[in-house]
Amino acid sequence: MANVIIVGAQWGDEGKGKVVDIYTEYAQEVVRFQGGNNAGHTLVVGDEKTVLHLIPSGILHEGKRCIIGNGVVLDPKVFLEEIDGLKKKGYLKDDSQLMVDGAVNLIMPYHKMIDVAREQKSGAKKIGTTGRGIGPTYEDKVGRRGIRFADLLKPETFKRKLHEVLPEKNFFLEQFLGEKPCSEEAIVEEYLGYAERLRCYLGRASTTLDKAIKAGHNVLFEGAQGSLLDIDHGTYPYVTSSSTIAAGACTGAGLGPHLIDEVIGISKAYVTRVGEGPFPTELNDEMGETLRAAGNEFGATTGRPRRTGWLDIVALREAVRTNGLTGIALTKMDVLNDLETVKVCTAYRYGEQLLEEFPQDYDVLKDCTPVYEEIPGWLTDISTLSSYEELPVQVIDYVEKIEAWTGCPVVMVSVGPRRNETLMRSNPFTKKS
Ligand code: GDP
Ligand code: IMO
Ligand code: MG
């Protein structure tokens, strides 16, 4: 029996969706514990691509329970659209496969308006958010004026809470951001219109998972975003508004840390970032374009081109430490197939200093330049291989160097977006059994 957390080890889009889809085979419950529909997790089964924003990436497997934990923020409209999309494709035949914790905070229309208008007003200082209302929703959660999923199912409570909070929101929208106010009646009509369809999904993550674990189930936790976007440990203020690191799984689902057996960090064989903020190994040149084209690096949520750069070991070591990673899954190795040489950043130069630890101070990080080690490329198509041992020696050397630099074992190498394009070295679910 093992409970496993999957987290992004970079700035998001590392291929978490693909890895969760694969690991779901070994779990009975799959749980999202933070973030919202700022996430875009891509699953490719055969020739069919599915992008999930809120629903856990285990949903394509029949009979597996997918739980949206209390730490998530949920836009009911997006959630229902995602359900409809899945049902149309023949998935989610049984609604009891999906559960939403009652304490999930709702993304309201004013949160989305504030997110977008604030970014516009910030001009060059913007964060580059996804504009989905994530930050403003978490602000209200922490400010104790959030409206929760369970409130939506009690019309009088929903109306009362909205009535209490809306004057402040409209004052801010009109007076500070120069936007139009939100209509209370329109929100009530829209949101209560969703309520009856949502009722069947109401549940409680903490008690459900406690029972499941006691019954001997394996639970898989699916992080969204990435460690470097964490509200505490990321490149603040260029971060998202939730705890994206492994510890977030415990608060975001209501479980104790002693129940977690393995934490797997997903890392691309290079790095991408969407939105603003420091990115020491960024390539603003032809090589950056090459990586973007070869990796098809365009956002699964907003379609924005992703910034690209070489693998950053300093940043990866930060993810190993803050998450307590027990394994790394390396994805998109195939994207480097055609390169003569591959660079890896092993330290930063900051003025006269050589830094091996990721700086916490934004003013230092933004002025760091990477120190590279160059490794030979493999100039071979590795996406058709079926076992790790068949990989070219250059790839195996690259993997072993990453293990030595980070002190963390690489448990999987992904060589394409599909399920079968995956070379597993060890399985976190069977390791201890
Ligand atoms: P997530 O947000 O971490 O789930 O990642 P995204 O879905 O946003 O982005 C990862 C993209 O890379 C998706 O388009 C995946 O289908 C794709 N992908 C995942 N693993 C691999 C891989 O090993 N090789 C290639 N070429 N593509 C991959
Ligand atoms: P997945 O789960 C990549 C980034 C945004 C922006 C910052 C804050 O698919 O890996 P937000 O809307 O959260 O307030 O934006 O975080 N961001 C992501 N980048 N992948 C994601 O999710 C992201 N979710 C948010 O681009 O820089
Ligand atoms: Mg993504």
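**Exercise 1.** Where is the place of Gln225? Locate this residue in the predicted model, then describe its backbone and its exposure.

*Solution.* Begin with the chain order, which puts Gln225 in the loop between β10 and α9. Next, read the backbone angle: phi of Gln225 is near 60°, a positive value in a residue other than glycine. Finally, take the relative accessible area, which is 8%; because buried means under 20%, Gln225 counts as buried. The loop between β10 (219-222) and α9 (247-253) also holds Pro237, and the peptide bond that leads from Tyr236 to Pro237 is cis, with omega near 5°.

**Exercise 2.** Identify the protein donors of the magnesium ion (ligand 3), and work out which parts of the chain they bring together.

*Solution.* The donors from the protein are Asp13, through OD, and Gly40, through O, and they lie 2.0 to 2.2 Å from the ion. Now place each donor: Asp13 belongs to the loop between β1 (4-8) and α1 (16-23), while Gly40 belongs to the loop between β2 (29-32) and β3 (41-45), so the pair ties together parts that are 27 residues apart in sequence. The accessibility step gives 23% for Asp13, which is partly exposed, whereas Gly40, at 11%, counts as buried. A last check of the backbone shows that Asp13 has a phi near 60°, a positive value in a residue other than glycine.

**Exercise 3.** Determine how strand β15 (residues 327-331) is enclosed, and name its bridge partners.

*Solution.* Count the buried residues of β15: five of the five are buried, so the strand is largely enclosed by the rest of the structure. Then separate the two faces, with Gly327, Ala329 and Thr331 on one side and Ile328 and Leu330 on the other, and both faces prove to be covered. For the pairing, β11 (residues 262-268) runs parallel to β15 and is joined to it over five bridges, while β19 (residues 410-414), also parallel, is joined to β15 by three bridges. Leu330 serves as a point of reference, since this residue of β15 is the bridge partner of Ser267 and has Val413 as its bridge partner in β19.

**Exercise 4.** Describe the second largest pocket by its volume and its lining.

*Solution.* The volume comes to about 610 Å³. There are 26 lining residues, and those closest to the centre are Thr42, Gly295, Arg306, Lys332 and Pro417. The elements that give two or more residues to this lining are α1, β3 and β4 (48-52). Sorted by class, the lining holds seven nonpolar, ten polar and nine charged residues.

Notes
Residues numbered from 1 in each chain as written. Chains lettered and ligands numbered in written order. Predicted model: local features only at pLDDT ≥ 70, side-chain atom pairs only at ≥ 80, totals over all residues. Heavy atoms only, no water. Donors = N, O, S within 2.8 Å, 3.2 Å for Na, K, Ca; no water. Helix = DSSP H or I, 4+ residues; strand = E, 2+ residues; numbered from the N terminus. Buried < 20%, exposed > 50% of the residue type's maximum accessible area, 1.4 Å probe, protein only. Pairing = 2+ DSSP bridges. 1 Å grid on protein atoms, 1.4 Å probe; cavity = no way out; pocket = protein on both sides within 12 Å on 5 of 7 lines; lining within 4 Å. Points joined across faces, edges and corners; volume = space filled by probe spheres on them. Nonpolar A, V, L, I, M, F, W, Y, C, P; charged D, E, K, R; others polar.
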